[in-house]
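Here are some short exercises to try with the structure open beside you. Have a go at each task before reading the solution.

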Amino acid sequence: MTSSHTLQARQLSLGYGEREIVSRLDLALPPGRITVVVGPNACGKSTLLRALARLLPPLAGSVLLDGCDIHRTPTKEVAATLGVLPQSPVAPDAIVVADLVGRGRYPHQGWFRRWTRADDEAVAAAMLATDVLDLADRSVDELSGGQRQRVWIAMALAQETDVLLLDEPTTYLDISHQLDVLDLLTDLNRARGVTLALVLHDLNLACRYADHLIAMKAGRIVAEGPPGDIVTASLVHEVFGLRSAVIPDPASGTPMVVPLGRHHVTPPA
Amino acid sequence: MNGLDTMAEQPTAAEAAARLGRLRRHRRRGFGAVCLVLLLAVLTALLVSLCTGDIALPVGDVWDTLLGGGDAGSRFVVVELRLPRALLALLVGFAFGLSGAVFQALLRNPLASPDVIGVSSGAAAAAVLASMVYGVSGIALSGTALVGALAAGAGVYLLAWRRGINGQRLVLIGVGVGTGLSSIVSYLMTRSEVTEAQSAFVWLAGSLNGRSWPQFWPLFGAVVVLAPLTLLGSRALPALQLGDGTAAGLGARVERDRLVLLGCATALAGVATAAAGPVGFVAFVSPPIARRLLPGHGAALLPAALTGSALVGLADLAGQHALPHTQLPVGLVTGVVGAPYLLWLLARANRVGQGG
């Protein structure tokens with residue numbers, strides 16, 4: 001079962017005020033696949049994700065959800081199909097986990113906010129998937145960083161959207177929690193065919209988990225495609241300015257980027 | 001889809017849903033219980049206000065009079081003197097409490113309350129200007145105060161708007177605007193007659209002296225319209241509290257929903273100020289008290305409103321009867337309660353290192 005919803009950008013130009021960050025970019029997220037966007041700092045990847053998530057109006061061009069301009073579609077309709085988890089989300093003080101996850105049901109609730117069984121079930125399923133059910137009555141403030149991030153992901157899952165955009169969901173997590181989150185997102189994609197788009201900093205995890213990798217630099221897409229096809233040492237150099245060796249990851253077979261700095265590098269024989 | 005498999009037994013989806021349902025019902029019962037207790041406190045304050053005074057009336061007499069019986073003397077004291085003032089106190093507290101709760105929840109800042117960010121100052125400045133320069137009084141004065149509140153609120157909002165509203169910036173700008181308006185009021189008072197200035201001072205402290213049915217009904221009408229509107233608008237609060245980005249992702253019309261809520265909250269503060277003057281600290285203190293009574297319930301608007309009612313009701317009671325032969329303005333009593341809280345809040349913020 002694959003998501004049938006398409007999300008594309010057409011000739012998209014983005015910026016803040018006078019500064020243009022992304023110019024005339026074309027992009028189509030492959031439906032039902034995990035897309036990861038990587039790039040150096042300030043390359044526009046978060047800006048692009050925000051624009052796709054309808055959080056940033058474009059300077060020119062358009063974002064199309066199922067062929068319709070996302071800025072002309074009613075926001076509730078968009079929220080029922082497209083979920084977004086921004087970077088560093090804020091939670092109000094003294095809120096319990098079940099309450100926060102429950103807020104993900106906002107787009108599905110009518111004007112007078114009747115809470116239905118379907119809502120309970122969606123929240124329960126989301127909390128089971130992220131393994132936060134035992135934390136249901138704990139205050140979000142008391143949780144560790146990893147637990148809190150899982151709760152935010154549970155909220156995004158409770159929204160039950162076919163497309164989910166996540167801006168750096170793993171940045172503040174330790175390595176085991178990073179893998180937990182990425183494995184969880186992969187489960188979601190395989191089981192329900194949810195289209196996922198993530199911004200990640202870790203190039204190797206991106207190569208391992210992405211079906212479709214997009215490498216950006218200075219507001220342009222430098223290369224996109226399956227990681228095995230596009231990730232080469234010359235691409236890494238072009239995008240990140242980094243000398244590297246690209247070898248197959250011994251665990252997964254996907255490309256693994258071995259950075260070559262000035263120290264601790266054995267010269268090739 | 002089973003997520004992470006652990007060695008412990010995972011509950012089924014139905015069990016999990018049932019557990020969450022139980023949790024939700026438990027929280028709702030807690031909410032209802034606290035609201036009931038607050039309502040009882042409010043009614044107790046009302047009853048005590050009706051019974052106490054220079055002419056102490058037993059509860060039975062008061063009850064009879066309210067039901068239509070009782071002698072003419074009791075009826076005059078209860079229905080003409082005490083009842084409108086007591087009801088007005090409760091209504092003013094309700095409006096301020098609700099207004100403060102909305103501001104603090106929306107702007108995510110415990111300092112954001114209409115008396116801090118210039119709304120009450122706007123109402124006060126408009127009222128003082130109108131009464132001193134143009135001799136306006138009565139319901140027109142109330143209307144002027146409301147207009148002043150809305151104008152000040154709109155001004156602060158527009159000054160603080162920059163591709164969205166940042167709570168901290170709005171509070172800072174509001175404090176600046178409020179200070180400016182207070183200095184206008186001070187200037188006006190230096191230009192007026194001593195007696196005018198004196199009555200203005202009393203009004204500015206927030207006072208229910210001499211308030212009766214003519215002040216009650218406009219406020220009642222306004223609250224009957226604004227309170228349901230606010231509670232309806234608060235439907236968007238759970239999303240808005242999560243930050244603009246997340247709220248938009250959940251389908252909230254962020255700018256519009258926030259504007260509606262801010263407008264209602266400003267209007268509530270405006271009409272309450274029009275009725276009793278800028279009663280300080282009620283809007284500021286009631287929401288944290290309500291949140292402390294109901295931890296984990298988020299914004300808790302209705303409990304905050306009821307807390308405000310109880311607070312002003314009890315404060316006016318204390319102001320009238322605590323000191324013999326002296327009537328203290330209600331704003332003075334709420335200030336005595338509220339100012340230490342503000343100091344404690346600031347001290348705690350400094351120590352713990354959290355902002356605001």
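**Exercise 1.** This is a predicted model, so keep that in mind as you work. Which residues of H12(B) are buried? Then work out how enclosed the helix is, and check its length.

*Solution.*
- Step 1: Count a residue as buried if 20 or more other C-beta atoms lie within 10 Å of its own C-beta.
- Step 2: Going along H12(B), the buried residues are Val282(B), Ala283(B), Phe284(B), Val285(B), Ser286(B), Pro287(B), Ile289(B), Ala290(B), Arg291(B) and Leu293(B).
- Step 3: That makes 10 of the 12 residues buried, so H12(B) is largely enclosed by the rest of the structure.
- Step 4: For the length, allow 1.5 Å a residue; the 12 residues of H12(B), 282-293, should then span 16 Å, which agrees with the 16 Å between the end C-alpha atoms.

**Exercise 2.** Describe the make-up of chain B and decide how its compactness compares with the globule rule.

*Solution.*
- Step 1: Sort the secondary structure: chain B has 14 helices and 0 strands.
- Step 2: Compare sizes. For 356 residues the globule rule gives 21 Å, and the radius of gyration of chain B is 22 Å, close to that value, so the chain is as compact as a globular protein of that length.
- Step 3: Add the outline: the C-alpha atoms of chain B fill a box of roughly 75 × 50 × 40 Å along the principal axes.
- Step 4: Look inside, where 48% of the 356 residues count as buried.
- Step 5: Take the contacts in chain B between residues at least 6 apart in sequence; 76% of them join residues at least 24 apart.

**Exercise 3.** Now turn to chain A: what is the strand order of its open sheet of 4 strands, and which strands stand at the edges?

*Solution.*
- Step 1: The order is E2-E1-E4-E5, with antiparallel pairing.
- Step 2: E2 (19-29) and E5 (68-69) of chain A stand at the edges; each has a single partner strand, so one side of each lacks a neighbour in the sheet.
- Step 3: Zoom in on E1 (7-16) and E4 (60-65) of chain A, which are joined by 5 bridges. Here Leu7(A) stands opposite Leu65(A).
- Step 4: Finally, find helix H1 (45-52) of chain A, which lies across E1, E2 and E4 at about 120° to E1(A).

**Exercise 4.** How many residues does each chain bring to the contact?

*Solution.*
- Step 1: Chain A brings 42 residues and chain B brings 30.
- Step 2: On the chain A side, H4(A) gives the most, with 8 residues.
- Step 3: By type, the chain A side divides into 26 nonpolar, 5 polar and 11 charged residues.

Note on methods. Residues numbered from 1 in each chain as written. Chains lettered and ligands numbered in written order. Predicted model: local features only at pLDDT ≥ 70, side-chain atom pairs only at ≥ 80, totals over all residues. Pairing = 2+ DSSP bridges. Helix = DSSP H or I, 4+ residues; strand = E, 2+ residues; numbered from the N terminus. Contact = placed C-beta atoms within 7 Å. Axes fitted to C-alpha atoms, helices over the stretch in contact; angles between N-to-C directions. Expected span 1.5 Å × (residues − 1). Rg over C-alpha atoms; globule rule 2.2 N^0.38 Å. Nonpolar A, V, L, I, M, F, W, Y, C, P; charged D, E, K, R; others polar.
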